[in-house]
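Q: I'd like a close look at a single part of this model. Could you pick one strand and walk me through what surrounds it?

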Amino acid sequence: MKLDLFMRDWASTRAQNRWLFPTVAGLSVCVLVQTFALMSRDEIVVLVPPELSAEMEVASSRATQDYTKAWGLHIATLIGNVTPGNGAFIKESVYPLLSPEVHDQVTTIIERQLDQLERDRVALRFEPRRVVQKGSRVFVFGYGVTSAIGGADEERTKRTYEVELEIERHRPVIRYLRTYAGEPETDDRAALFWSSEAAS
């Protein structure tokens, strides 16, 4: 038996073992840290809507600008195209999106305006031209067209829909809603206001 060769191999084995324990311990700590980070990470959903070519990310409390702009455009188009026959559909579509703080006020004003449109037999049409975002507010600018049901007379005016959206548990919530004649007014406003101009 070659004792010197055996002792040389045994010494190298012991040296490797001295480095092996701290290496395994370090790797275990890394795995634990990575596991904790992945478990506490907010889930992100990536969407590619059929009408847009770009991907949009939605987390539980935030979303990309493209996503909030698309929702702002959807809301403006929905509430900007009103006839005496589609009021129930609009209410059913918009009401679940309203935050509790503004729900009662906005629903009261929407119902009042829908009643006015039905009494006057007037239809509203909105033709969007531009979408701008400033912070959490989306400004949808376009042309509002008011016309009598069955009539040929139309009144065309510049109109802006201003919507403040927040993401709560991956879904959009309306915290501010306003519509007014003219170009977008991008200065900040504290109070919610749905202008009665929409029915005029």
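A: Here is a tour of strand E5, from its sheet down to one of its residues. Keep in mind that this is a predicted model.

Let's start with the sheet. It is an open one of 4 strands, in the order E3-E4-E5-E6, and the pairing is antiparallel. Strand E3 (122–134) and E6 are the edge strands; each has a single partner strand, so one side of each has no neighbour in the sheet. From one strand to the next, the twist averages 25 degrees. As general background, the strands of a sheet pair through backbone hydrogen bonds, either parallel or antiparallel.

Now for the partners of E5. On one side, strand E5 (residues 154–168) pairs with strand E4 (residues 137–148) in the antiparallel sense, over 11 bridges. You can check the register at two places: Arg137 stands opposite Glu164 in E5, and Val140 has Tyr161 of E5 as its bridge partner. E5 also pairs with strand E6 (residues 171–181), again in the antiparallel sense, this time over 10 bridges. There, Ile167 stands opposite Pro172 in E6. The hairpin of E5 and E6 has 2 residues between the strands, and Arg169 takes a positive phi near 50 degrees in it.

Two helices come into the picture as well. Helix H2 (residues 65–80) lies across E3, E4, E5 and E6, and runs at about 165 degrees to E3. Helix H4 (residues 100–120) lies across E3 and E6, at about 50 degrees to E6.

With that backdrop, zoom in on Glu162, which lies in strand E5. Is Glu162 buried or exposed? Its relative accessible area is 0%, and buried means under 20%, so Glu162 counts as buried. Who is around it, then? Leaving aside neighbours within four places in sequence, Glu162 is in contact with Arg137, Val138, Phe139, Tyr176, Leu177, Arg178, Tyr180 and Glu185. Val138 is 24 residues away from Glu162 along the chain, yet their C-alpha atoms are separated by 5.8 Å. Arg137 does a bit extra: its side chain and that of Glu162 are joined by a polar contact of 3.0 Å. So Arg137 turns up twice in this tour, standing opposite Glu164 in E5 and making a side-chain polar contact with Glu162.

Technical notes. Residues are numbered from 1 along each chain as its sequence is written. This is a predicted model: local features need pLDDT of at least 70, side-chain atom pairs count only at pLDDT 80 or more; totals for chains, interfaces and linings use all residues. Side-chain values use heavy atoms; hydrogens and water are left out. Two strands pair if DSSP finds at least two bridges between them. Axes are lines fitted to C-alpha atoms, for helices over the stretch in contact, and angles run from 0 to 180 degrees between N-to-C directions. Contact means heavy atoms within 4.5 Å. Buried means under 20% relative accessible area, exposed over 50%, partly exposed in between (1.4 Å probe, protein chains only). A polar contact is a pair of N or O atoms within 3.5 Å; within protein, one must be able to donate a hydrogen and the other to accept it, and residues adjacent in sequence count only if both atoms are side-chain atoms.
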